[in-house]
Amino acid sequence: MRLKDLTGETYSRLTVVERAESAPNGNARWLCQCSCGRQVVVDSYRLRKGITKSCGCLRADVSRKNIFENPKTRQNMGRSDNLPLYQGTSVDRLKPNSRNRSGVIGVSFDRCSQKWVARLMYRGHLVLNQQFADMDDAILARKQAEERYVKPILEEYAKTSAE
């Protein structure tokens with residue numbers, strides 16, 4: 001089977017520059033220049049079938065457009081009280097949620113393992129992610145993690161927001 005030279009052809013936002021190394025599965029790959037200026041290597045099949053249309057900028061543009069067209073999102077844009085962060089931690093995520101079924105924030109039941117899971121995110125890092133056979137043990141682990149990580153932040157946040 002002869003390989004068709006795609007050099008110079010344009011597919012959506014991508015213009016083929018040159019042939020790149022073959023994919024591990026043997027498919028031809030091409031170095032493409034995106035209309036936004038970035039270069040990306042794309043599998044020949046994905047390029048010709050229109051599966052890959054850009055370097056990723058198209059998805060970002062579509063998402064941005066959808067966000068700005070959503071009236072609820074536009075209504076809340078620019079309001080600092082929507083996502084209060086204090087020292088890199090979202091204070092709102094530490095409050096109860098209507099979807100919580102265990103009654104304790106950060107404690108849930110994993111149906112696959114048939115165990116209780118205790119989790120806590122702190123400054124973008126998962127500092128607690130453990131499974132327990134007993135719900136009480138999971139709650140205790142979560143409470144201990146909150147004492148260590150969350151309590152100092154909430155105390156400082158309360159002081160700064162009161163001022």
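Select Tyr149. Leaving aside residues up to four places away in sequence, Tyr149 touches Leu120, Tyr122 and Val127. Show those three side chains together with Tyr149. Keep in mind that this is a predicted model.

**The largest core**

Now widen the selection. The largest nonpolar core has 15 residues, and Tyr149 is one of those that touch the most other members. Val107, Ala118, Leu120 and Ala138 share that distinction. Which elements each supply at least two residues of this core? They are strand E8 (115-122), strand E9 (125-132) and helix H4. Colour H4 on its own: with seven residues, H4 gives the largest share of this core.

**A separate core**

Move to the other core. This one lies apart from the largest core and has eleven residues. Among them are Tyr11, Leu14, Cys32 and Val42. Keep Cys32 in mind, as the tour comes back to it.

**The whole chain**

Zoom out and switch to a cartoon view. The chain has four helices and nine strands. Follow the cartoon from the N terminus: the elements run β-β-β-β-α-α-α-β-β-β-β-β-α. Of the 163 residues, 26% count as buried. Turn on the surface next. The accessible surface comes to about 11900 Å², and 49% of this belongs to carbon and sulfur atoms. Contacts give another view of the chain. Take those between residues at least 6 apart in sequence: 30% of them join residues at least 24 apart.

**The sheet of E1 to E4**

Hide the surface. Select the four strands that form an open sheet in the order E1-E2-E3-E4. Their pairing is antiparallel. Which strands sit at the edges? Strand E1 (10-11) and strand E4 (39-43) do, each pairing on one side only.

Look at E2 (residues 14-20) and E3 (residues 29-34). Six bridges join these antiparallel strands. Pick Thr15: Gln33 in E3 stands opposite.

Step across to the pairing of E3 with E4. Five bridges join these two strands, again antiparallel. Here Cys32 returns, standing opposite Val40 in E4. Cys32 also belongs to the eleven-residue core. E3 and E4 form a hairpin, with four residues between the strands. Select Gly37 in the turn; this residue has a positive phi of about 110°.

**The hairpin of E7 and E8**

Go on to strand E7 (residues 107-110). Four bridges join E7 to E8, and the two run antiparallel. Pick Phe109, whose bridge partner in E8 is Trp116. Four residues lie between the strands of this hairpin. One to select is Gln114, which takes a positive phi near 60°. Two residues from the largest core are also worth another look here: Val107 and Ala118, both among those with the most contacts to other members.

**Salt bridges**

Switch to charged side chains. Side chains of opposite charge can pair when their charged atoms come close. How many salt bridges does a search of the whole structure find? There are six.

Start with Asp61 and Arg64. Their closest N and O atoms are 2.8 Å apart. Both residues sit in helix H2 (residues 57-69), and because they are three residues apart there, about one helical turn separates them. Asp61 is partly exposed, at 31% relative accessibility. Arg64 is partly exposed too, at 45%. Now add Arg13 to the selection: Arg13, Asp61 and Arg64 are linked in a network of salt bridges.

Next, return to H4 (residues 135-162) and select Arg142 and Glu146. These two form a salt bridge, with the closest N and O atoms 2.7 Å apart. They are four residues apart, about one turn of the helix. Is Arg142 buried or exposed? At 4% relative accessibility, Arg142 counts as buried. Glu146 is partly exposed, with a relative accessible area of 21%. That value is just past the cut-off, because buried means under 20%.

Stay in H4 for the last stop. Select Lys151 and Glu147, whose side chains meet in a salt bridge of 3.6 Å, N to O. Again about one helical turn separates the partners, because they are four residues apart in the helix. Lys151 is partly exposed, with a relative accessible area of 38%. To finish, bring back Tyr149 with Leu120, Tyr122 and Val127, the contacts that opened the tour.

How values were computed: Residues numbered from 1 in each chain as written. Predicted model: local features only at pLDDT ≥ 70, side-chain atom pairs only at ≥ 80, totals over all residues. Heavy atoms only, no water. Salt bridge = Lys/Arg side-chain N within 4 Å of Asp/Glu carboxyl O. Buried < 20%, exposed > 50% of the residue type's maximum accessible area, 1.4 Å probe, protein only. Contact = heavy atoms within 4.5 Å. Areas by Shrake-Rupley, 256 points an atom, 1.4 Å probe, with all protein chains shown as cover. Pairing = 2+ DSSP bridges. Core = buried A, V, L, I, M, F, W, Y, C linked by side-chain atoms within 4.5 Å.
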